[in-house]
Amino acid sequence: MTYDMELGLLATQAMTELVHAEANQDDNRYRAFLQKSAEFCKSIREASASVELSATTPTEIAALVLAVRKVSQERSSAYERERLKQVEQIEPVIRRVLVEKRKPTPAEQLQIADVLFSASAADFK
Amino acid sequence: MSSTQLKFLLSSSAENLIRLESVLKRRQEFGASPEFNAIIDGMLDWCGRYRENYLQHTPIISKVIADEEVSPVEEIALKTLLRNSINTFFVLHDLLLFLPREKIRKELHFFCQELFFPIYDPKDLSIILTSVYNAFEYSLDEAIRSLDVFMMKVPDPRKLPFGHVMELAIIDRDNPLSWAILAHEFGHYLDQKNNLSKPLADKFLQEKLKPEPNLPPDLRRIYRSLASEALADLTAYYLLGPVGILPLVNMELNFAMATDKPLPFDFKHPLTTTRLQVITNAAKDDQMTLGMFGAYTQALQDDEAAKEAKLPSDEKNVRSSIKKSTTEFADWIRNALLQEIEKFGLTRFSSVNLQTANDLKKTLLDGIPIGSIRQHTREEIAEALSRLTTTSPPSETQAAFAMLREERVRVAEVLSAGWIAASEKKTALLEEAFSKPDAEIFPHLENTLENQDELLMKSIEILSVMERTPSVTERS
């Protein structure tokens with residue numbers, strides 16, 4: 001079983017903020033919910049990101065980068081790919097609501113909440 | 001998710017958290033060594049964060065307990081809390097590996113001595129605590145032989161018989177209800193020592209695949225593993241009745257919360273719902289039922305069905321075929337395995353024991369240990385005593401007073417009574433705890449669990465004392 005405790009806590013805290021925001025119609029807590037959700041997405045993206053090669057990367061380092069990329073692709077499970085896909089769907093929503101400085105609509109809340117729940121699952125490889 | 005499942009998970013995840021904290025605090029108080037402070041403090045900090053998150057969800061939890069409707073967001077929030085609390089618990093439990101290992105309790109020895117009589121021999125079967133949240137049984141000799149370092153140092157490790165080991169999760173050290181899992185592990189011990197299940201698995205394949213083709217070795221291995229697990233489950237059932245399967249249901253419901261997919265078939269263990277069905281069928285044949293634990297077994301079945309419904313159709317079909325094949329195999333092998341178990345002279349749990357356990361449960365719920373039980377009802381005794389007069393013959397007086405005699409109960413009955421009581425009061429306990437101010441919720445749950453454990457420990461201890469001390473009438 002693979003499970004990231006920090007990510008799990010982040011998802012839990014984000015949902016706690018949403019529940020309190022809903023109960024008290026508290027704008028600050030809606031914002032905290034969105035920010036923690038954004039942080040959650042960023043962490044997943046960073047954990048799944050592959051090492052990028054630039055044109056100026058020296059050959060001897062590029063060989064290592066390619067080897068690392070190959071290993072990480074092999075290790076990346078279907079679960080990780082699915083999780084990344086989910087996160088990529090809600091990130092634009094979170095960004096838009098934050099930019100528009102409004103509270104998320106009920107549909108947006110549910111969409112984000114669903115992903116926080118699913119993407120914080122453990123991976124039984 | 002059903003309200004029953006949510007309540008079960010609320011209670012179970014809070015219990016795990018409390019038990020983990022109690023292990024850590026005990027290490028801090030009694031086994032204090034500065035080199036362990038960092039890990040203990042770190043783990044306690046994680047427990048504290050989840051405690052805090054639980055309390056932040058009190059209004060939703062109270063709604064669930066009162067069977068009031070929760071909004072979709074509230075439901076997801078609660079599920080996210082439960083999922084991450086349970087998963088964090090699994091990880092933290094693994095980390096207990098870094099702390100010195102505690103010894104098991106003396107009551108667990110009494111428990112094994114009686115339940116596994118006359119086979120149990122502590123010189124051949126050690127019990128240790130493991131940091132993996134599970135239970136195991138294995139031959140220590142084989143494990144040691146496979147270690148390179150040992151091979152290098154000992155020319156012929158075969159000359160060192162270490163016997164077998166049963167491992168119990170560290171968290172379960174003080175929780176007698178969870179010791180039921182050792183009956184399953186004891187089944188593996190019997191199997192390994194006596195080669196019980198393997199020939200039956202081979203016989204099944206011979207019968208079903210006549211004339212035997214070139215059987216893929218993997219298939220034989222799978223069927224042998226399935227037979228071995230069936231034997232272990234049936235040993236637990238033989239010794240403890242329906243309660244034998246409950247630790248598994250308990251564990252599975254926790255694991256089920258960890259992920260969105262149904263737990264996969266591991267080619268060794270039948271799916272838990274299949275195992276549950278096998279025990280339900282066996283119990284039915286023996287005039288017993290798992291009905292009193294129905295809410296939890298149903299929750300497990302519902303959870304699996306809901307997750308299976310979301311699978312792509314090819315995966316769904318594979319799962320359905322696995323269930324069908326493993327159920328057919330279990331039905332074929334069940335009685336033969338029970339006959340094998342019977343040969344060891346162990347004490348079989350029957351419907352009479354279940355009835356006794358159900359009666360004993362009332363005493364437990366009153367907070368009284370349950371080492372013994374009267375064979376006559378209160379009314380029968382009152383009636384006999386009221387008939388006595390000053391002129392009653394001594395034999396009649398003796399007979400009336402003899403009705404007060406308490407008969408020692410069996411450890412399997414104590415454990416069953418404990419499970420029935422704990423299942424019945426699970427929701428009430430949550431209700432009670434979450435009706436209190438925030439600061440008192442966890443201390444209340446903690447006290448109740450401690451009392452429940454101590455009551456069962458005391459009951460098991462009483463049994464061991466009664467075993468060794470003849471009653472007053474026997475002495476005279």
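## Domain and chain contacts in a predicted two-chain model

In chain B, 21 residues of domain 2 are in contact with 19 residues of domain 3. On the domain 2 side of this contact, helix H5 (106-115) and helix H10 (217-240) of chain B each supply at least two residues. H5(B) gives the largest share of that side, 5 residues. By class, the side of domain 2 of chain B that touches domain 3 of chain B holds 14 nonpolar, 3 polar and 4 charged residues. The C-alpha centres of the two domains are 26 Å apart. The model is a predicted one.

The domain assignment of chain B places domain 1 at 3-98, domain 2 at 106-342 and domain 3 at 351-371 + 409-475.

Two helices of chain B, H1 (residues 3-30) and H3 (residues 58-65), pack against each other with their axes 10 Å apart and at an angle of about 130 degrees. Angles between 115 and 145 degrees are neither roughly perpendicular nor roughly antiparallel, and H1(B) and H3(B) are therefore oblique to each other. Their crossing is left-handed. From H1(B), the residues B:Ser3, B:Leu6, B:Lys7 and B:Leu10 meet B:Ile61, B:Val64 and B:Ile65 of H3(B). The residues of this contact divide into 5 nonpolar, 1 polar and 1 charged.

Elsewhere in chain B, the peptide bond between B:Phe117 and B:Pro118 is cis, with omega about 5 degrees. B:Pro118 sits in the loop between H5 and strand E1 (125-130) of chain B. B:Ser386 belongs to helix H16 (residues 378-386) of chain B. B:Ser386 counts as exposed because it has 9 C-beta neighbours inside 10 Å, and the limit for exposed is 12 or fewer. B:Ser386 and B:Ala400 are 14 residues apart in sequence, and their C-alpha atoms are 9.3 Å apart in space.

Chain A has 5 helices and 0 strands, so its elements run α-α-α-α-α from the N terminus on. Of its 125 residues, 31% count as buried. Among contacts in chain A between residues at least 6 apart in sequence, 66% join residues at least 24 apart.

Two residues of chain A have a positive phi although neither is a glycine. They are set side by side below.

| Residue | Phi | Loop of chain A | C-beta neighbours within 10 Å |
|---|---|---|---|
| A:Gln25 | about 45 degrees | between H1 and helix H2 (27-48) | 9, exposed |
| A:Lys101 | about 50 degrees | between helix H4 (78-99) and H5 | 8, exposed |

The two chains also touch: 24 residues of chain A are in contact with 26 residues of chain B. On the chain A side, the elements that give two or more residues are helix H1 (5-24) and helix H5 (106-119) of chain A. The largest share of that side, 11 residues, comes from H1(A). The residues of the side of chain A that touches chain B comprise 16 nonpolar, 6 polar and 2 charged.

Definitions and conventions: Residues numbered from 1 in each chain as written. Chains lettered and ligands numbered in written order. Predicted model: local features only at pLDDT ≥ 70, side-chain atom pairs only at ≥ 80, totals over all residues. Helix = DSSP H or I, 4+ residues; strand = E, 2+ residues; numbered from the N terminus. Buried ≥ 20, exposed ≤ 12 C-beta atoms within 10 Å, placed from the backbone. Contact = placed C-beta atoms within 7 Å. Nonpolar A, V, L, I, M, F, W, Y, C, P; charged D, E, K, R; others polar. Axes fitted to C-alpha atoms, helices over the stretch in contact; angles between N-to-C directions. Parallel < 35°, antiparallel > 145°, perpendicular 65-115°, else oblique. Left-handed = near helix turned anticlockwise from the far one by under 90°. Domains from an automatic or database assignment.
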